[in-house]
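The report below works outward from the ligand site to the protein interior and then to the loops and backbone. It is meant to be read beside the sequence and the model.

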Amino acid sequence: MTSYQRAIVVGASSGIGLALAEELARRGAQVALVARRADALERAVQVIGPERARAYVHDVAQRDAVPALFQQITHDLGGLDAIIYAAGSMPHTAPDGYDTAQDAAVIETNLLGAFAWLNEAAARFAHTRQGTIIGISSVAGDRGRRGNPAYATSKAALTTYLEALRNRLAVRGVTVVTIKPGYVATDLLAGEQIPRFLPVIPPDQAAREILDAAMKGQAVAYVPAVWGPIMRLVRAIPSRLFRRLNI
Ligand SMILES: NC(=O)c1ccc[n+]([C@@H]2O[C@H](COP(=O)([O-])OP(=O)(O)OC[C@H]3O[C@@H](n4cnc5c(N)ncnc54)[C@H](OP(=O)(O)O)[C@@H]3O)[C@@H](O)[C@H]2O)c1
């Protein structure tokens, strides 16, 4: 089982990313927390402890700023063992909503920001021949459901990008982990109708399961694991039937 001494969490001001930063610190890591909300990051640093955590205010849409900030963080941490890309947004999409600006913003945050941060990490780890890259994708990327077309697309693309990174970097001793959470009780789900029979887990449970999977070197992990069989079933539904189902 690997352990991480120095880690970056992008999207660490709330929800799953915040829980991951807390869990990483609990497991002994120094953590750099990256997100836009300075006040939320500062609160997180106080909770985790300034000796274990540092805040870096950054909007992932500012891709040109990433190389210098990545260098600064790795310098401040004295190296890097793991990076987690957890930043994401899922704005409400009405059933008859087709909003190109909103869709582009989703791709910018969920996908292009991941390219900017994880490409930096990939180049560094390919050189140092060690390291772990963890991308928080989603079960939403496994199928084109009606609900949030741009969100599902961003996650399907993120899953493919992470697979390609894994295939490039395996020969350099770098681990790339794709996490596909089901429902996790965070701000992202505000206003979502969740069927009562589907599991919703708290962010701290998600964080523990994500780090356990990554530290074991799993390539792809559904969180919680029950979403693996659920999504196998969902993927097997023929397209003609799928479009008639309100899921
Ligand atoms: N909750 C679920 O059920 C669920 C299921 C599957 C996958 N996921 C994925 O899990 C990840 C975390 O989401 P969450 O559920 O924990 O929701 P959340 O509490 O809303 O967290 C989203 C995080 O992303 C950051 N973020 C958003 N836009 C950003 C930007 N432009 N620049 C920098 N940071 C940005 C937010 O920080 P700031 O607002 O401070 O910038 C926040 O830290 C997302 O990728 C989401 O798609 C969630």
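## Ligand site, cores and backbone

A backbone N or O atom of Gly 88 lies 3.3 Å from an oxygen atom of the ligand, a distance that falls within the limit for a polar contact, defined as a pair of N or O atoms within 3.5 Å (within protein, one must be able to donate a hydrogen and the other to accept it, and residues adjacent in sequence count only if both atoms are side-chain atoms). Taken alone the ligand exposes 870 Å², of which the protein buries 94%; accessible areas come from the Shrake-Rupley method with a 1.4 Å probe, and for residues only the protein chains shown count as cover.

This is a predicted model, in which local features need pLDDT of at least 70 and side-chain atom pairs count only at pLDDT 80 or more, while totals for chains, interfaces and linings use all residues. Residues are numbered from 1 along each chain as its sequence is written, and side-chain values use heavy atoms, with hydrogens and water left out.

Two side chains also approach polar atoms of the ligand: a polar side-chain atom of Arg 36 lies 2.7 Å from an oxygen atom of the ligand, and an N or O atom in the side chain of Asp 59 is 2.9 Å from a ligand nitrogen atom. There are 28 residues around the ligand, and those that come nearest are Ser 13, Ile 16, Arg 36, Tyr 151 and Thr 186, where a residue is near a molecule if one of its heavy atoms lies within 4 Å of it. Helix 1 (15-26), helix 5 (149-169) and strand 7 (183-184) are the elements that give two or more residues to this shell; helices (H or I, at least four residues) and strands (E, at least two) are DSSP runs, numbered from the N terminus. By class, the shell has 13 nonpolar, 11 polar and 4 charged residues, with Ala, Val, Leu, Ile, Met, Phe, Trp, Tyr, Cys and Pro counted as nonpolar, Asp, Glu, Lys and Arg as charged, and the others, Gly among them, as polar.

In the interior, the largest nonpolar core has 37 residues, of which Leu 24, Leu 33, Ile 134 and Ile 210 touch the most other members. Such a core is a set of buried Ala, Val, Leu, Ile, Met, Phe, Trp, Tyr and Cys residues joined through side-chain atoms within 4.5 Å. Not counting residues up to four places away in sequence, Ile 134 touches Tyr 4, Ile 83, Ile 84, Tyr 85, Val 177, Ile 179, Ile 210 and Ala 214, contact meaning heavy atoms within 4.5 Å. Apart from this core lies another, of 32 residues, among them Ala 87, Ala 114, Ala 122 and Leu 158.

Gly 135 lies in strand 5 (residues 132-136), and its contacts beyond four places in sequence are Tyr 85, Leu 162, Val 177, Thr 178 and Ile 179. The C-alpha atoms of Gly 135 and Val 10 are separated by 9.9 Å, although the two are 125 residues apart along the chain.

The table sets out relative accessible areas, with buried meaning under 20%, exposed over 50% and partly exposed in between (1.4 Å probe, protein chains only).

| Residue | Relative accessible area | Class |
|---|---|---|
| Gly 135 | 0% | buried |
| Met 215 | 8% | buried |
| Asn 148 | 15% | buried |
| Gln 130 | 29% | partly exposed |
| Ser 3 | 45% | partly exposed |

Asn 148 has its place in the loop between strand 5 and helix 5, and its side chain makes a polar contact of 3.3 Å with the side chain of Thr 93. Beyond four places in sequence, Asn 148 touches Met 90, Pro 91, Thr 93 and Glu 192.

The loop between helix 4 (100-128) and strand 5 holds Gln 130, which, leaving aside neighbours within four places in sequence, is in contact with Leu 80, Asp 81, Phe 125, Arg 172, Gly 173 and Val 174. Arg 129, placed in the loop between helix 4 and strand 5, has a positive phi of about 60 degrees although it is not a glycine. A cis peptide bond, with omega about -10 degrees, joins Val 223 and Pro 224, and Pro 224 is found in the loop between strand 9 (220-223) and helix 7 (227-236). Most residues other than glycine have a negative phi, and most peptide bonds are trans.
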